[in-house]
Amino acid sequence: SDAPAAPTGLSYKFNCAYNADASYTITVNLGWSDRSSNEQGFYVYRNGALVATLGAGVTTYTESFVGTASQPNTYQVAAFNATGQVLGGSQTFACSD
């Protein structure tokens, strides 16, 4: 079988809520274009770590986590099937942006 096509057009919206302990609760909404007809699903990576495994045809993901204002958060989405995974482009932001 052929490898899937990489997802394109990764976009994001984020909200940073200040917590009493000086951390932030960061909520991220990601969206991308599914360019493949043969993926088994998508992997979502934050700062190089796998944070979600999604089904075929899924093009959005939302998560919340605790971080700091200056910490950069880099997201990347990969389409995968039995052949392997193909990463799309990345997006990076911080609350202080």
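P4 lies in the segment before β1. This model is predicted, and P4 is a handy place to enter it. Is P4 buried or exposed? Its relative accessible area is 4%, so P4 counts as buried. Along the chain, P4 and E39 are 35 residues apart. In space, their C-alpha atoms are separated by 5.4 Å.

Now step back to the whole chain. How many helices and strands does the chain have? There are 0 helices and 7 strands. Read along the sequence, the pattern is β-β-β-β-β-β-β. Measured out along the principal axes, the C-alpha atoms fill a box of roughly 50 × 20 × 20 Å. The chain has 97 residues, and 35% of them count as buried.

Next come the strands and their pairing. Strands of a sheet pair through backbone hydrogen bonds, in either a parallel or an antiparallel way. Here, 4 strands make an open sheet. Their order is β4-β3-β6-β7, and the pairing is antiparallel. Which strands form the edges? They are β4, residues 49-55, and β7. Each of these edge strands pairs on one side only. On average, neighbouring strands of this sheet are turned by 20 degrees against each other, with direction ignored.

Look at one pairing within that sheet. Strand β3 covers residues 41-46. It pairs with β4 in the antiparallel sense, over 6 bridges. Y45 has its bridge partner in β4, and that partner is L50.

Another pairing joins β2 and β5. Strand β2 runs over residues 24-33. The pairing of β2 with β5 is antiparallel and spans 8 bridges. Here T25 stands opposite V66 of β5.

Stay with β5 and follow its side chains. In a regular strand, side chains alternate between the two faces of the sheet. Strand β5 shows such an alternation. Y61, E63, F65 and G67 point to one face, and they are buried. T60, T62, S64 and V66 point to the other face, and they are not buried.

E63, on the buried face of β5, has a charged partner. Which residue forms a salt bridge with E63? The partner is R46, and the closest N and O atoms are 2.6 Å apart. This pair links distant parts of the chain. R46 sits in strand β3, while E63 sits in strand β5, residues 60-67. The two are 17 residues apart. Both R46 and E63 are buried. The count of salt bridges comes to 1.

R46 has a second contact. It lies over the face of F65, at 3.7 Å from the ring centre. F65 points to the buried face of β5, as E63 does. R46 therefore meets two side chains of that face: E63 through the salt bridge and F65 through its ring.The aromatic rings come next. A pair of aromatic rings is described by the distance of the centres and the angle of the planes. How many aromatic pairs does a search of the whole structure find? The search finds 8. One of them is the pair of Y12 and F93, which is stacked. Its rings are 4.9 Å apart, centre to centre, with 20 degrees between the planes. This pair, too, links distant parts of the chain. Y12 belongs to strand β1 and F93 to strand β7, 81 residues apart.

The two rings are placed differently with respect to the surface. Y12 has a relative accessible area of 29%, so it is partly exposed. F93 has a relative accessibility of 2%, so it counts as buried. Y12 and F93 also belong to one aromatic cluster, together with F14 and Y75.

The last stop is a disulfide. A disulfide is a covalent bond between the sulfur atoms of two cysteines. The structure holds 1. Which residues form the disulfide? They are C16 and C95, with sulfur atoms 2.0 Å apart. C16 lies in strand β1, residues 8-18. C95 lies in the segment after β7, which covers 84-93. The disulfide links distant parts of the chain, 79 residues apart.

Why is this disulfide left-handed? The torsion about the S-S bond of C16 and C95 is about -90 degrees, and so the disulfide is left-handed. Its two ends fall into separate accessibility classes. C16 has 23% relative accessibility, so it counts as partly exposed. C95 has a relative accessible area of 15%, so it is buried.

Technical notes:
Residues are numbered from 1 along each chain as its sequence is written. This is a predicted model: local features need pLDDT of at least 70, side-chain atom pairs count only at pLDDT 80 or more; totals for chains, interfaces and linings use all residues. Side-chain values use heavy atoms; hydrogens and water are left out. A disulfide is a pair of cysteine sulfur atoms within 2.5 Å. Buried means under 20% relative accessible area, exposed over 50%, partly exposed in between (1.4 Å probe, protein chains only). Two strands pair if DSSP finds at least two bridges between them. Axes are lines fitted to C-alpha atoms, for helices over the stretch in contact, and angles run from 0 to 180 degrees between N-to-C directions. A salt bridge is a side-chain nitrogen of Lys or Arg within 4 Å of a carboxyl oxygen of Asp or Glu. Rings of Phe, Tyr and Trp (its six-membered ring) pair if their centres lie within 6.5 Å; planes under 30 degrees apart count as stacked, over 60 as edge-to-face and the rest as tilted. A charge sits over a ring if NZ of Lys or CZ of Arg is within 6 Å of the ring centre and within 35 degrees of the ring normal.
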